[in-house]
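User: Could you take a close look at one helix for me and walk me through how it sits in its surroundings? A bit of context from elsewhere would be welcome too.

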There are 2 protein chains.
Amino acid sequence: MDVKVSEGIVSQLSTESRLAPESGIVEVVNSAREREDLIPLWVGEGDLPTPDFICRAAKQSLDAGETFYTYQRGIPELRSALADYHAGLHGRSFSDQRFFVTGSGMQAIQIAVTSVVSPGDEVLVPSPAWPNLAAAVEIRGGRAVTVPMMFRPGGWELDMDRLMAARTARTRAIFINTPCNPTGWVASCEDLRGILDFARKHGLWIIADEVYARFFFGEGGRAPSFADVAEDDDRILFVNTFSKNWSMTGWRIGWLSGPSEIGQVIENLIQYATSGVPVFSQRAAAAALTEGETYLQDQISRAKTGRQLVIEQLSSSPRFRFAVPEGAFYAFFGIDGVTDARRLALDLVRDTGVGLAPGTAFGTAGDGFLRLCFARSTDYLREGLGRIVQWIEQV
Amino acid sequence: MDVKVSEGIVSQLSTESRLAPESGIVEVVNSAREREDLIPLWVGEGDLPTPDFICRAAKQSLDAGETFYTYQRGIPELRSALADYHAGLHGRSFSDQRFFVTGSGMQAIQIAVTSVVSPGDEVLVPSPAWPNLAAAVEIRGGRAVTVPMMFRPGGWELDMDRLMAARTARTRAIFINTPCNPTGWVASCEDLRGILDFARKHGLWIIADEVYARFFFGEGGRAPSFADVAEDDDRILFVNTFSKNWSMTGWRIGWLSGPSEIGQVIENLIQYATSGVPVFSQRAAAAALTEGETYLQDQISRAKTGRQLVIEQLSSSPRFRFAVPEGAFYAFFGIDGVTDARRLALDLVRDTGVGLAPGTAFGTAGDGFLRLCFARSTDYLREGLGRIVQWIEQV
């Protein structure tokens, strides 16, 4: 690549697009592309393909010729299945008019951000955090204001005073990801009530990412949700995805839920983003919701086993710093005496072939940490963890 | 719906999202939902489902378990097939690094707009135009500056002086859709050179929508393209889709092409929009490119037949005002003495069951006109046109 030419034409792009960050994982991934003994645990994705009963629904839809334009908000069957799924989770009814099908959880975030943030507005983002929300805000011309969470061996903590102190006259929304990727933090009902009170008092929106709600290792079968403490007309936009629960990362289908009164605005934003989601993918997603509970329970069991293995192995050396994850399927850990997570991830994959994501990819509050996805088969995970533990003894 | 509540919470959304326009066709569509004898010609979509050889590629990919995250820029097979396809069309080679797979032609536009427009910037848009580009610019916080084209019975005309006069210090890009939806206007090589010279002189980007390039009724098998007159490093972003050529409207897959030097920025924008397109859809798109030429030629023949029928019928009464479309697959016509296209479309569908899109959906320059999609089977089209002609004699 001719760098001069590149700088020339790249400099002609919009400032926001030029400043959009590259994935903080890619450098590590690229450094190990050719390795044959690689154990990649860097991406937030399991190792199983989408189950047959879900693929079958898509194939049947294709065979039936469902290849035309469709409803921007999602097909009625899927919106209704989403309402039923949430009713089952929360023990109360939901209107299907609250649900909007999106082309990935990422797109649900993009649309949520666009719908509440104007250029110049601010969004509060507890950190470490999955970086894509902040990037979407900045591309929009808004500002993501990070609020560092505190690492304690007993668990990460969100300091409400610090969150409140970060608010300015331009603050429009708070992003809350619970269970949290990457830290495994789960907001308690008390946390959620505190955040909601704060949001109500100042007229802020909450963008609630509860993608990992089902991967919860406490009591009750799911993590506490804003749906437990809020009213239907509270200013909350839930963003979610089919990716994690039903091994559908490659499908790019998710959903947004919020007050049904904003339906026309959400429909318009979908129209001008991707104009809807393929019907055949929506049929697959509906199958996931209506026939996928057993499969999901298996995935949760698998994550529990993986988590147990991680806890055992990371407890084997006092040099590991970590809080036991209460939810999601990641271990987020540091190594005593090591502060440069990027260097650590590069060294680790070079020396052992185990690929982890550097904590810096999740904001400066993640520096010194590594993220490991434990939604994997036991043998595979055991091998990866074994290599890490052995390596630690030598460095 | 409780309007007070609605106004309340809708008023809390971002200004840009609240102002995003509803589709100008929906009101007409809704007015006729229950009709059994409906002949809907309002949408830009053919009446054939996606052909088997394309669906088969997707189904095989699903069977092979290709359901994981993939390349943000698109799978190498598809990028390479896109380069070959363009090489075939233009008789010269293209680097596969110029091509980026997007989740619809609409998303290609959204990403093109984001990459060159900052909030406050302006984009010149000849009008009448497919409204989604302008909406994407306005949602971005930019301004779409329409440049009215002139209707002449010999064909719509783009007045270069008028285009140039619309430029201000904030102008960042020009949107050119050729062949044009809805007018059927096709830019000549001379037009393209003039626009390119103007863009080069003032450092403007061109967003080139050549979606209907193959539906061209002049000599040469395809419409003139910016690729005929520009260099690879010109500031042109081509946006395109698989929807129209290969009956894939429901798949939401398209592509963007531009200078390969901006690849990392485009990759990042895809990451923060939908993070890529399903591999199984990309396999289908690759099949469309590599095995779909015969199918495409059939579609073009079909459009030619439809166009001929439209010309004959609209020539049957001196009350029809229209220019023979040089490309795309729409008739854009007015009726003498009628200025309110919205009213006309509503009356027409009520009285005859023929559904057309009001020209107002394509900007004020389209008022007084109706858009009819002629990518339909001959019998169906003949019936629809017959009803229109008969109705005209009575009103």
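What follows is a walk around one helix, H14 of chain A, with a few stops elsewhere afterwards.

Analyst: Sure thing. Keep in mind that this is a predicted model.

Let's begin with the basic geometry. H14 of chain A runs over residues 341-352, so to speak a stretch of 12 residues. From first C-alpha to last, H14(A) reaches 16 Å, close to the 16 Å expected at 1.5 Å a residue.

Now for which side faces in. The buried residues of H14(A) are A:Ala341, A:Leu344, A:Ala345, A:Leu348, A:Val349 and A:Thr352. Looking down the axis of H14(A), you'd find these buried residues within an arc of 120°, so they line one face of the helix. If you like the textbook view, an α-helix has 3.6 residues a turn, so residues three or four places apart point the same way. On the face of H14(A) turned away from the buried side sit A:Arg343 and A:Arg350, which are exposed.

What covers that buried side? Among the elements of chain A doing so are two helices, H3 (26-30) and H15 (378-394). The cover also includes the strands E10 (330-335), E11 (354-355), E12 (357-358) and E13 (369-373) of chain A. Just after H14(A) comes A:Gly353, with a positive phi of about 80°.

For some context, here's a helix pair elsewhere in chain A. H5 (residues 76-90) and H12 (residues 279-291) of chain A pack at an angle of about 25°, their axes 9 Å apart. With the cut-off for roughly parallel at under 35 degrees, that makes H5(A) roughly parallel to H12(A). On the H5(A) side, the contact is made by A:Glu77, A:Leu78, A:Ala81, A:Leu82 and A:Tyr85. H12(A) brings A:Gln282, A:Ala285, A:Ala286, A:Leu289 and A:Thr290. As for handedness, H5(A) and H12(A) cross in a left-handed way.

Then there's the partner chain. In chain A, 70 residues are in contact with 70 residues of chain B. The elements giving two or more residues to that side of chain A are the helices H1 (3-10), H2 (15-19), H4 (52-63), H6 (105-116), H7 (132-139) and H11 (263-271). H6(A) supplies the largest share, six residues.

One last stop, over in chain B: B:Asp37 is in the loop between helix H3 (26-30) and strand E1 (39-40) of that chain. B:Asp37 has 10 other C-beta atoms within 10 Å, so it is exposed, the cut-off being 12 or fewer.

Notes
Residues numbered from 1 in each chain as written. Chains lettered and ligands numbered in written order. Predicted model: local features only at pLDDT ≥ 70, side-chain atom pairs only at ≥ 80, totals over all residues. Helix = DSSP H or I, 4+ residues; strand = E, 2+ residues; numbered from the N terminus. Expected span 1.5 Å × (residues − 1). Buried ≥ 20, exposed ≤ 12 C-beta atoms within 10 Å, placed from the backbone. Arc of directions from axis to C-beta. Contact = placed C-beta atoms within 7 Å. Axes fitted to C-alpha atoms, helices over the stretch in contact; angles between N-to-C directions. Parallel < 35°, antiparallel > 145°, perpendicular 65-115°, else oblique. Left-handed = near helix turned anticlockwise from the far one by under 90°.
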